[in-house]
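Student: I have a model open and would like to understand the labels people attach to it. Could you take me through the reasoning behind them?

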Amino acid sequence: MLIVMKAHASEEQVQRVCQKIESLGLRAHAIPGAQRTAIGITGNQLEVETGTFDEMEGVQEVIRVSKPYKLVSRDLKEEDTVVRFPNSDATFGGDEIAVIAGPCAVESREQAFAAADRVARAGARFFRGGAYKPRTSPYTFQGLAEDGLKILAEVRDRFGLLIVTEAIDNESLELVEKYADVVQIGARNMQNFSLLKHAGRTRKPVLLKRGMSATLEEFLMAAEYIMSEGNYNVILCERGVRTFADHTRNTLDLSIVPAVQRLSHLPIIVDPSHGTGKRNKVTPLSRAAVAVGADGLIVEVHPDPDHALSDGNQSLYPEQFDDLMDEVRQIAKVLHRSIADRVADPGAHRARAVSLSAGPVTAR
Ligand code: PEP
Ligand code: MN
């Protein structure tokens with residue numbers, strides 16, 4: 001159920017409705033919109049009489065939401081969610097298309113710094129790099145764990161890039177939350193409901209990747225898990241699904257971008273690296289992702305892909321990433337959006353760095 005408050009409802013009236021909801025053993029999610037506040041109700045038993053709220057002061061309308069997802073839905077919030085960061089003007093879901101770039105895994109300080117220098121110069125605002133790697137084989141590189149997170153924190157300080165890195169379980173989540181600006185939940189964990197709930201209790205935005213066989217509804221329900229715990233800063237990511245096609249690692253399902261945007265206010269970005277698994281397809285699919293209306297890209301870039309410890313085949317050489325950025329920048333313009341310009345000296349942009357302790361600003 002969803003309660004739409006009147007445009008001029010006071011903060012107190014909103015509070016009173018929330019208290020009433022909580023007194024029934026349910027959870028209230030007051031989401032301010034451009035025109036009015038809407039209050040989503042979640043909980044295990046949703047049998048509530050609409051009449052309970054109809055007559056309360058400041059209430060405009062009580063709506064039954066028939067879809068299984070409520071908080072992610074445009075029914076609750078009509079306008080797009082913009083995920084913001086303290087001390088930075090980078091966003092997800094705003095006019096600027098967000099670009100996250102960096103290696104699959106943090107392998108060493110030197111490797112991470114070399115990658116960061118190049119992607120920052122090319123105009124990326126966010127740096128990726130796994131410190132915990134969910135690998136298919138237990139015998140391949142598993143990541144540097146907390147040492148990797150410390151390197152990532154140094155990258156932020158040195159280059160002013162915001163850090164996106166994956167948590168693979170509840171234990172790593174605690175550390176990732178401490179060091180990163182965005183917590184990534186990988187495709188293999190999209191339905192790890194315990195991890196989703198814990199991520200919902202963190203104060204950092206969450207980048208949720210689509211499971212490799214997840215339907216649109218399952219994808220949105222996974223985001224609903226995070227939001228239902230009170231974290232409204234969720235960024236969705238299409239990264240390809242398993243199909244019979246064998247010319248790529250996965251089949252990048254770009255049609256999910258407009259499908260998500262129709263149903264949800266959350267930003268959605270595209271991962272053409274895992275989506276194709278092949279370096280020569282990353283730039284064409286990045287162009288397509290921007291053209292289809294994605295709010296961002298996450299791209300693997302390695303200073304020496306031929307010797308990468310993971311996903312070398314799909315990692316771009318830094319000069320390829322330079323070209324990719326120049327191309328998508330032009331495509332973005334057609335859609336009246338932008339992508340940050342090249343930066344001559346990324347070290348001079350330290351002011352953009354975010355302090356470790358700062359939390360995210362709530363979505364508008
Ligand atoms: C990654 O981004 O490095 C990763 C493991 O991605 P996915 O979860 O989409 O496979
Ligand atoms: Mn990878």
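Tutor: Happily; we will go from the ligands out to the helices and loops, keeping in mind that this is a predicted model.

Student: Which residues surround ligand 1, and what makes a residue count as near it?

Tutor: A residue qualifies when one of its heavy atoms lies within 4 Å of the molecule. Around ligand 1 these are Cys104, Arg128, Lys133, Glu166, Gln184, Gly186, Ala187, Arg188, Lys209, Arg239, His274 and Glu300. By class, the shell holds seven charged, three polar and two nonpolar residues.

Student: How do you know that Arg239 makes a polar contact with ligand 1?

Tutor: The cut-off for a pair of N or O atoms is 3.5 Å. A side-chain N or O atom of Arg239 sits 2.6 Å from an oxygen atom of ligand 1, so the pair is within the limit. Arg188 also brings a polar side-chain atom to 2.9 Å from a ligand oxygen, while Ala187 uses a backbone N or O atom, at 2.7 Å. Taken on its own, ligand 1 has 300 Å² of accessible area, and the protein covers 97% of that.

Student: What makes Cys104, His274, Glu300 and Asp311 donors of the manganese ion (ligand 2)?

Tutor: For this metal, a donor is an N, O or S atom within 2.8 Å. The atoms are SG of Cys104, NE2 of His274, OE of Glu300 and OD of Asp311, at 2.0 to 2.4 Å, so they meet the cut-off. Along the chain, the donors have the spacing C-x169-H-x25-E-x10-D. One pair links distant parts of the chain: His274 belongs to helix 9 and Glu300 to strand 14, 26 residues apart. Both of these residues are buried.

Student: Why is Arg125 called buried, given that it is an arginine?

Tutor: Buried means under 20% relative accessible area, and Arg125 has 7%, so the label fits. Arg125 is in the loop between helix 3 and strand 8, and its side chain has a polar contact of 3.0 Å with that of Glu96.

Student: Why is Asp323 called partly exposed, then?

Tutor: Its relative accessibility is 44%, which falls between the 20% and 50% limits, so neither buried nor exposed applies. Asp323 lies in helix 11, and its C-alpha is 8.5 Å from that of Thr283, 40 residues away along the chain.

Student: What makes the length of helix 7 close to what is expected?

Tutor: Helix 7 has 13 residues and spans 18 Å between its first and last C-alpha atoms, close to the 18 Å expected at 1.5 Å a residue. Its buried residues include Phe219, Leu220, Ala223 and Met227. Just after the helix, Gly230 takes a positive phi of about 105 degrees.

Student: What is notable about phi at Asn87 and Ala145?

Tutor: Most residues other than glycine have a negative phi. Asn87 is not a glycine, yet has a positive phi of about 60 degrees; Ala145, also not a glycine, has one of about 55 degrees. Asn87 is in the loop between strand 5 and strand 6, and Ala145 is in the loop between strand 8 and helix 4.

Student: How do you know whether Asn87 and Ala145 are exposed or partly exposed?

Tutor: Exposed requires over 50%, and Asn87 has 51%, so it is exposed. Ala145, at 27%, lies between the two limits and therefore counts as partly exposed.

Note on methods. Residues numbered from 1 in each chain as written. Chains lettered and ligands numbered in written order. Predicted model: local features only at pLDDT ≥ 70, side-chain atom pairs only at ≥ 80, totals over all residues. Heavy atoms only, no water. Polar contact = N/O pair within 3.5 Å; in protein donor to acceptor, adjacent residues only side chain to side chain. Areas by Shrake-Rupley, 256 points an atom, 1.4 Å probe, with all protein chains shown as cover. Nonpolar A, V, L, I, M, F, W, Y, C, P; charged D, E, K, R; others polar. Donors = N, O, S within 2.8 Å, 3.2 Å for Na, K, Ca; no water. Helix = DSSP H or I, 4+ residues; strand = E, 2+ residues; numbered from the N terminus. Buried < 20%, exposed > 50% of the residue type's maximum accessible area, 1.4 Å probe, protein only. Expected span 1.5 Å × (residues − 1).
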